[in-house]
Structure formats: C-alpha cells, structure tokens
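Please open the structure in your viewer and keep the sequence beside it. The tour below proposes one selection after another and says what is to be found at each stop.

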Amino acid sequence: GTKCVPFPEMFDGAQTLLPADELSKKFEQEGILLDHPIVVTCGSGVTACILALGFYRIGKHDVPVYDGSWTEWEAQPDDDYPKVASTAP
C-alpha cells in the first residue's frame, strides 16, 4: 500500500509549500486515503518531514515520520527486520 510523492512536488515555483487545496488534490491523485493510517518515510527521515507538514496543513495531524527510514531499516539483519521485494512491474 505504499505511495510515492517526491517532496519537491509539495512546493510551488517559489519553493513555498502548496496551499491546502492543492496538497489535498495531489494526495488524492496519488490514491492516498486520508481516513486510513499514514506513515511517511524517506531515505534518511529528513525529507519525509516535508510530507508530514503537507498532511498537517490539510488537517491530517496524526502522521508519524519514521525518522530512521530506509537507511536504518536496511542496516538491520534480515532476521529482525524482514525485507520484501515486489515482483510488480
């Protein structure tokens, strides 16, 4: 159920966070359902905060950031933190 919204898409041409209505539209276009649990993540946990801020702007305040993100997850032994690769195209 993961979705990818690159953090630069959260900004307008002046590098300002998009207005709430545009953020809502962007999340909706990506198939993100606001009435479902959402956790944001990225490679190191920093840029995921921008996504969390976008959700906060549109009124979704319960969006945790996995601050260790994929860098931390990948560094753990597979026995403790399983990794599953998708076979989807």
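The stops run from the whole chain to its core, then to single residues, the cysteines and a pocket.

**Before starting**

This is a predicted model, in which local features need pLDDT of at least 70 and side-chain atom pairs count only at pLDDT 80 or more, while totals for chains, interfaces and linings use all residues. Residues are numbered from 1 along each chain as its sequence is written, and side-chain values use heavy atoms, with hydrogens and water left out.

**Stop 1: the whole chain**

Select the protein chain and show it as a cartoon: it has three helices and zero strands, where helices (H or I, at least four residues) and strands (E, at least two) are DSSP runs numbered from the N terminus. Read along the sequence, the pattern is α-α-α. Along the principal axes, the C-alpha atoms fill a box of roughly 45 × 25 × 25 Å. Of the 89 residues in the chain, 25% are buried; buried means under 20% relative accessible area, exposed over 50%, and partly exposed in between, with a 1.4 Å probe and protein chains only. Among contacts (heavy atoms within 4.5 Å) between residues at least 6 apart in sequence, 55% join residues at least 24 apart.

**Stop 2: the largest nonpolar core**

Next, select Met 10, Leu 23, Phe 27, Val 40 and Phe 55, which are the residues with the most contacts inside the largest nonpolar core, a set of 16 residues. Such a core is a set of buried Ala, Val, Leu, Ile, Met, Phe, Trp, Tyr and Cys residues joined through side-chain atoms within 4.5 Å. The elements that give two or more residues to this core are helix H1 (20–29) and helix H2 (48–57), and H2 gives the most, with four residues.

**Stop 3: Met 10 and Leu 23**

Stay in the core and show the surroundings of Met 10, which, leaving aside neighbours within four places in sequence, is in contact with Val 5, Thr 16, Leu 17, Leu 18, Leu 23, Phe 27, Ile 50, Leu 51 and Gly 54. Then move to Leu 23, which is found in helix H1 and counts as buried at 0% relative accessibility. The C-alpha atoms of Leu 23 and Met 10 are separated by 7.0 Å, although the two residues are 13 residues apart along the chain. With neighbours within four places again left aside, the contacts of Leu 23 include Met 10, Gly 54, Arg 57 and Ile 58.

**Stop 4: Lys 26**

Is Lys 26 buried or exposed? This residue of helix H1 counts as buried, at 18% relative accessibility. Not counting residues up to four places away in sequence, Lys 26 touches Val 5, Glu 9 and Leu 18.

**Stop 5: the segment before H1**

Go back along the chain to Gly 13, which lies in the segment before H1 and is exposed, with a relative accessible area of 81%. A distance line drawn from Gly 13 to Ile 32 spans 24 Å, C-alpha to C-alpha, for a pair that is 19 residues apart in sequence. Gln 15 also has its place in the segment before H1, and its phi is near 60°, a positive value in a residue other than glycine. Gln 15 is exposed, with a relative accessible area of 58%.

**Stop 6: the cysteines**

A search of the whole structure finds zero disulfides, a disulfide being a pair of cysteine sulfur atoms within 2.5 Å. Select Cys 42, which is in no disulfide and whose nearest cysteine sulfur, that of Cys 49, is 7.3 Å away. Cys 42 is buried, with a relative accessible area of 12%, whereas Cys 49 is partly exposed, with a relative accessible area of 41%.

**Stop 7: the largest pocket**

Finally, select Thr 2, Lys 3, Val 39, Val 40 and Thr 41, which are the closest to the centre of the largest pocket among the 25 residues that line it. On a 1 Å grid over the protein atoms alone, a pocket is an open set of points where a 1.4 Å probe fits, with protein on both sides within 12 Å along at least five of seven lines, and lining residues have an atom within 4 Å of a point. H2 and helix H3 (69–75) each supply at least two residues of the lining, and H2 gives the most, with three residues.
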